[in-house]
Amino acid sequence: MIPSIHKRGSKTGGLIRYLYGPGTHEEHIDPHLVAAFDPLAPDPGRGPSTTYEQLQRLLDQPVNALPKNRRPDKHVWHISVRASPEDPILSDEDWAAIARRTVAATGIAPEGDDTACRWAAVRHADDHIHIIATLVRDDGRRPRLHNEARRAQAEARRIEADYDLRRVTPGDGTAAKRATSAERHKAERRGQDATSRDLLCERVHRALAGARDETEFFDRLAAEGVRIKKRIAPSGDVLGYSVAVVGDRNKVNEPVWFSGSKLAPDLSLPRIRRRFAATADMPEPPAALERNAASAPARARRFAAEATDSALASMASDDDSAAAAQLIGVGEVLDALAQTSIGPTKAELREAARHFERATRSHIRARNEEMYALRRAANQIVHSGPAFGRGQDGAATALVLDVMVLAVIAAARWHAARNHAQQAEAAQRAADHLRTAYQTTTAGPLAAMRAHGQRLPTPVRQRQAHTVRTALPHPADRLQAEPGWHALTAVLDQAERAGHHTTTLLAKAAAQRELDSADSISDVLVWRLQHLGYIAPPASTPQSQRPRSDATPIPTTPVVAPQVANRPRRR
C-alpha cells in the first residue's frame, strides 16, 4: 500500500474533472465516490444529474466562507493510495475504510472531529483511490498536517497488516525522489525506456564512478550526452549544477532541468565534493591501465576484486562509518563495471547498479576516506576500457563479480541488522542481478577449464583429488560429484605448476567464507583460487619445464593491491 501526497493546488474543480475524466491515456474506468466527509455527498460518476460543480461547491464551502484575505492560496490537498500489483482487488467498502483511516491519520479529518476538513475519495481503477480535501476546516481553522506524509506511510503499514496485503518496506527519508505519474506518461510519449529523472540519475552516477575531481566528473557527464547548467557565484566559483535530457522540454519549450540534489540526496555538488576531497591524492591511472593497453581491463578488475575483498572486512566490523563509506565505494565499482561491460552481462549489471544505488544511502554518516581503494578501483575500471567476455578479461570479470556478489549480500545483511528495510531489499535485488551476470560471465571460462581438466593425465587428476581430500575432507565427496570438479582440478594443476603449495592454497580459499550455501562449491573455489593465485607469491620456483594451459592462467607475479587497499587513514 503506497500513499503519495501530491503538490497542493488552488483549483478544486480542475482536480475533480481530472479524477472523473477519462485520464491522459483513457485509463480511468468507472470513476465514482467510495467515501466522503458526508455520506450524502453528490457523486458525478453515479448520479445522472449530478455535476462536477456541485461536488466542488460542497468541498469549497468552508474556504469561500472566509474573507478573501484569509483564504489560503493553495487550499486543495490531494493524496493517492495505491495497492501493490500482487495484492487482491479490494472492494469499494474496503477502499472506503482505507480512505477514512488515511484522512484520520494525516490530520485532514481526525476520528470524531465533526468540524474537520471536507474530503472525498474517488476510485477510477481497481488498484487505487484518490482523496481530495480542502484545507480549511468547517470551524474556519487550518488543519494540523505536520509530517502528514510520514503518518500516511505509518498508517499504510498498519493497513497492510490488517488486510493481509504485501508489506512495503518502510523508508527512512534517504531515498531518491520517485518520478511522478506525469513524468512517467511523458517518458511513454517520448518513447524513453525510463523517465528523464531516472535516466539522469543513472548517468550522473556513471559519471561520478571513480572520477578524480570536478573536471573529470563534468567531462564524463558531457560525454554521456547530458545537458549541463552550472550555477556560478559572482566570484566565479561553481555553487551547484543541474542536468537535462537533450530534447526534453516543458510547455514553454525550455529544457526540463533537475538539480543534483533533486535526483538523489548524495548527488548534490557539496556531497560529491566530499568524495573528491577524501580521494584528492588519487593518482592518475598507471600506464599499464590506459585504455586499449594489453590486458588492462583484466588488471583493473583484479585490482577491484582485491579492494572489494578488503571492504568486506569493514562491513563485518563494528565501525558503521567505515562500512557506510565502503557501501558507497561498492556502488561506484558497480557503476564502473556496468558501463565497461559488453554483451549479455551489461544489462544485468546496470540493473544491479540501479538497485544497489538505494543501498548506498542511510542516516549513518560515511567516513569518506575509507572508500579510497574502491574509488581508485572504479577509476581504473573506467579508464581501462571495455572488457570482453573471453580470455583474461572474462576470467578477471568472473573473479570480481564473485567478490561483488559476496559484498552485496554482506551489504543486505548489514542494513537488515540496522533495520534499514528498503536498503536491505535493494541490496538483495542487486545480488539477484549480480548472480545472473556472474553465471553468464563464468560459463565460457569454466567450460574451458573443465575441458582442460578432463584432458589431464590420470596421475595428475589423482594427485589433485588427494590434495582436495587432504585440504577439505568434509566436502570432498560433494566436490567430486559436481560438474565443476574438472575445472577445480585444472586450476589446482596450474597453481602447482606456478609453484604454489596447493593444499595450503586450497585450505586458505575454503576458509575465506562459508561454502555450504554455494550452489556449486567447486565453482566458488575455482575463483577463490584464481584470486589467491594472483595475489600470493608462489611457495617455490615455478615448474617451467611443464607446459601450462593458456585457458585460465594464474599469474605468478603478485600485485600490490593490498598496500593500496590499506591506505593509511587521514588524521
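Which residues is Phe356 in contact with, leaving aside its neighbours within four places in sequence?

1. **Phe356.** This is a predicted model. Beyond its neighbours within four places in sequence, Phe356 is in contact with Leu327, Val330, Gly331 and Leu334. Its contacts also take in Val408, Ala411, Ala426, Ala427 and Ala430.

2. **The largest core.** Phe356 belongs to the largest nonpolar core, a set of 77 residues. It is listed there among the residues with the most contacts inside the core, together with Val333, Leu434, Leu488 and Leu525. Helix α14 supplies the largest share of this core, 15 residues.

3. **A second core.** There is a separate core of 28 residues. Val81, Ile98, Trp119 and Ala133 are among its members.

4. **Cavities overall.** Searching the whole structure gives four cavities of 30 Å³ or more. The largest has a volume of about 90 Å³. The second largest has about 50 Å³.

5. **Lining of the largest cavity.** The lining has 13 residues. Closest to the cavity centre are His205, Gly331, Glu332, Asp335 and Thr360. Gly331 is also one of the contacts of Phe356. At least two lining residues come from each of α6 (196-208), α11 (320-340) and α12 (345-359). Helix α11 gives the most, with four residues. By class, the lining of the largest cavity holds five nonpolar, three polar and five charged residues.

6. **Lining of the second largest cavity.** Here the lining consists of Asp309, Leu399, Asp402, Val403, Leu406, Gln512, Arg513, Trp527, Arg528 and His531. Helices α14 (391-417) and α20 (521-535) each supply at least two of these residues. The top contributor is α14, with four. The classes are four nonpolar, two polar and four charged.

7. **The second largest pocket.** This pocket holds about 730 Å³ of space. Its lining has 24 residues, and those nearest the centre are Val405, Leu406, Ile409, Ser517 and Ala518. Two or more lining residues come from each of α10 (296-315), α14, α15 (421-454) and α20. Again α14 gives the most, this time six residues. The lining divides into 12 nonpolar, four polar and eight charged residues.

8. **Where α14 recurs.** Which helix gives the most to the lining of the second largest pocket? It is α14. The helix also gives the most to the lining of the second largest cavity, and it provides the largest share of the largest core. Leu406 is a point of overlap: it lines the second largest cavity and lies among the residues nearest the centre of the second largest pocket.

9. **His130.** Is His130 buried or exposed? His130 is buried, because its relative accessible area is 6%, and the cut-off for buried is under 20%. The residue lies in strand β5 (residues 128-134).

10. **Polar contacts of His130.** Two histidine partners deserve a look. The side chain of His130 makes a polar contact of 2.8 Å with the side chain of His78. A further polar contact joins the side chains of His130 and His124, at 3.3 Å.

11. **Surroundings of His130.** Not counting residues up to four places away in sequence, His130 touches Leu19, His78, Ile79, Ser80, Ala120, Ala121, Val122 and His124. Both polar partners, His78 and His124, appear in that list.

How values were computed:
Residues numbered from 1 in each chain as written. Predicted model: local features only at pLDDT ≥ 70, side-chain atom pairs only at ≥ 80, totals over all residues. Heavy atoms only, no water. 1 Å grid on protein atoms, 1.4 Å probe; cavity = no way out; pocket = protein on both sides within 12 Å on 5 of 7 lines; lining within 4 Å. Points joined across faces, edges and corners; volume = space filled by probe spheres on them. Nonpolar A, V, L, I, M, F, W, Y, C, P; charged D, E, K, R; others polar. Buried < 20%, exposed > 50% of the residue type's maximum accessible area, 1.4 Å probe, protein only. Polar contact = N/O pair within 3.5 Å; in protein donor to acceptor, adjacent residues only side chain to side chain. Contact = heavy atoms within 4.5 Å. Core = buried A, V, L, I, M, F, W, Y, C linked by side-chain atoms within 4.5 Å.
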